[in-house]
Every structure is written in C-alpha cells, then in structure tokens.
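Visitor: Could you take me closely through one part of this structure, and then set that part in the context of the whole chain?

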Amino acid sequence: MLLLFCLRVADDEVVWRVRYPQVFGTGRPPFGFSNHPLVIGERLICAPSATNAAVAALDRETGSSILR
C-alpha cells in the first residue's frame with residue numbers, strides 16, 4: 001500500500017496518513033516508488049504520479065488535499 005505519513009517527532013505518533021491509491025488513484029509504478037515530500041509554508045508538496053494528480057499539495061497540518 002502506498003502511504004504518506006505525518007509523524008509527531010516528540011512521541012512518534014501518527015498525526016495523519018494519506019493513502020495514494022484511494023486519494024489520487026495511483027498504483028505502484030513498474031520501476032518502484034519513491035517520494036520526497038517538500039514543506040513550503042502551510043503546504044506539503046508530494047508527487048503521487050497518478051493519472052489524475054502527478055503532483056499534489058496537501059495541508060501540512062491535516063493531510064487534506066489542497067491542489068492537484
């Protein structure tokens with residue numbers, strides 16, 4: 001399963017998680033999967049490489065999708 005997690009550093013608790021297949025409709029690419037999210041201000045930029053969202057912006061506090 002392709003997941004993006006936000007963990008709280010103080011106690012390693014999961015703050016939120018996003019399931020790429022459910023949110024963006026992506027599957028595992030034939031070459032494997034690697035993602036390096038980038039936080040810019042209030043947004044977390046990620047690259048689910050899906051047909052309906054090659055790049056997406058999430059709210060860094062909640063994980064909800066802002067832009068696709």
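Guide: Leu3 lies in strand 1, where strands (E, at least two residues) and helices (H or I, at least four) are DSSP runs numbered from the N terminus. This is a predicted model, in which local features need pLDDT of at least 70 and side-chain atom pairs count only at pLDDT 80 or more, while totals for chains, interfaces and linings use all residues. Residues are numbered from 1 along each chain as its sequence is written, and side-chain values use heavy atoms, with hydrogens and water left out.

Leu3 counts as partly exposed because its relative accessibility is 32%, the class between buried (under 20% relative accessible area) and exposed (over 50%), with a 1.4 Å probe and protein chains only. Together with Phe5, Leu7 and Val14, Leu3 makes a nonpolar surface patch of about 320 Å²; such a patch joins nonpolar side chains (Val, Leu, Ile, Met, Phe, Trp, Tyr) within 5 Å, from residues with over 30% relative accessible area and no salt bridge, that is, no side-chain nitrogen of Lys or Arg within 4 Å of a carboxyl oxygen of Asp or Glu. Strand 1, residues 3–7, gives the largest share of this patch, 3 residues.

Around this part, the protein chain has 1 helix and 6 strands, in the order β-β-α-β-β-β-β from the N terminus. Buried residues make up 25% of its 68 residues, and of the contacts (heavy atoms within 4.5 Å) with a separation of 6 or more, 33% are between residues 24 or more positions apart. The C-alpha atoms of the protein chain fill a box of roughly 35 × 20 × 20 Å along the principal axes.

Technical notes: Patches are made of residues with over 30% relative accessible area and no salt bridge: like charges are joined within 9 Å, nonpolar side chains (Val, Leu, Ile, Met, Phe, Trp, Tyr) within 5 Å. Accessible areas come from the Shrake-Rupley method with a 1.4 Å probe; for residues, only the protein chains shown count as cover.
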